[in-house]
Amino acid sequence: MTNADPHAPRTVVPIEPALLIAKAFDQAQVTEIRHSVTSCAHACGLIGQRLDDFVLAVNELITNAVRHGGGRGWLRLWQEPGTLVCEVADHGHGISAQRLGDRRRPAPDTAGGWGLWLARELTDAMEVATGTAGTTVRITSTLTIGNRTAH
């Protein structure tokens, strides 16, 4: 027999946030992934232009993974308090320090080079980890409730 109250609420602290999407992809899944991200981001509270911006940023990252990162990648999407987080990883040869450090807007007539710039501009934060074994880009967008920012 124990003195513990069997009806006391238990606190469970997750080791890893619950993933909304965790999916490997290649060129054939780009459209499907984009639609899944749109649905999940909307369900989490992104709306209007913020939703469109987040989805475009994700699309740029998954397209970069296919084009420059070995033809395929891995996407994870999850929600943290007040924030939606997406991480795209690939197994390419990495991004040069010069390319990563260049935060200037590409010239309007430039055919490529818009992906990372757009992802950075369209989200609230972007982190990049890159090396010879691949690149992982994490973007975040603050969730809004109505017209207010979630806290």
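This briefing covers the fold, core, pocket and selected residues of one protein. The model is predicted, with an average pLDDT of 86. The protein has four helices and seven strands. Of its 151 residues, 38% count as buried.

**Confidence**

- A pLDDT of at least 70 is reached by 83% of the residues.
- Residues 146-151 stay under 50 in pLDDT. For this stretch the model has ten contacts beyond four places in sequence.

**Fold**

- Read from the N terminus, the order of elements is β-α-α-β-β-α-α-β-β-β-β.
- Contacts reach far along the chain. Among those with a separation of 6 or more, 60% join residues 24 or more positions apart.

**Nonpolar core**

- The largest nonpolar core holds 30 residues. Phe54, Leu75 and Ile139 touch the most other members.
- At least two residues of this core come from each of β1 (19-26), α1 (30-44), α2, β2 (72-80), β3, α4 and β5.
- Helix α2 supplies the largest share, nine residues.
- Ile139 has a long contact list once residues up to four places away in sequence are set aside. It touches Phe54, Ala57, Val58 and Leu61, as well as Leu84, Val85 and Cys86. Ala119, Thr123, Ala125 and Met126 complete the list.
- As background, nonpolar side chains tend to be buried together in soluble globular proteins.

**Helix α4**

- Six of the eight residues of α4 are buried, so this helix is largely enclosed by the rest of the structure.
- The buried residues are Gly115, Leu116, Trp117, Leu118, Ala119 and Arg120.
- These residues pack against two helices, α2 and α3 (97-101), and two strands, β4 and β5.

**Largest pocket**

- The largest pocket encloses about 460 Å³ of space.
- Its lining has 25 residues. Asn64, Ala65, His68, Ile95 and Leu116 lie nearest the centre.
- Four elements give two or more residues to the lining: α2 (48-68), β3 (83-90), α4 (115-122) and β5 (134-142).
- Helix α2 gives the most, with eight residues. This helix also makes the largest contribution to the nonpolar core.
- By type, the lining divides into nine nonpolar, twelve polar and four charged residues.
- Leu116 ties two topics together. This residue is one of those nearest the pocket centre, and Leu116 is also among the buried residues of α4.

**Two strand residues**

- Thr130 is found in strand β4, which spans residues 125-131. With 32% relative accessibility, this residue counts as partly exposed, because buried means under 20% and exposed means over 50%.
- Beyond its neighbours within four places in sequence, Thr130 is in contact with Gly94, Ile95, Leu100 and Thr135.
- Thr130 and Ala97 lie 33 residues apart along the chain. Their C-alpha atoms are separated by 9.1 Å.
- Ser141 is found in strand β5. Its relative accessible area is 2%, so Ser141 is buried.
- Not counting residues up to four places away in sequence, Ser141 touches Leu46, Arg50, Phe54, Gly82, Thr83, Leu84 and Asp124.
- Phe54 and Leu84 recur here: both touch Ser141, and both touch Ile139.

Methods: Residues numbered from 1 in each chain as written. Predicted model: local features only at pLDDT ≥ 70, side-chain atom pairs only at ≥ 80, totals over all residues. Heavy atoms only, no water. 1 Å grid on protein atoms, 1.4 Å probe; cavity = no way out; pocket = protein on both sides within 12 Å on 5 of 7 lines; lining within 4 Å. Points joined across faces, edges and corners; volume = space filled by probe spheres on them. Nonpolar A, V, L, I, M, F, W, Y, C, P; charged D, E, K, R; others polar. Core = buried A, V, L, I, M, F, W, Y, C linked by side-chain atoms within 4.5 Å. Buried < 20%, exposed > 50% of the residue type's maximum accessible area, 1.4 Å probe, protein only. Contact = heavy atoms within 4.5 Å. pLDDT = per-residue confidence, 0-100.
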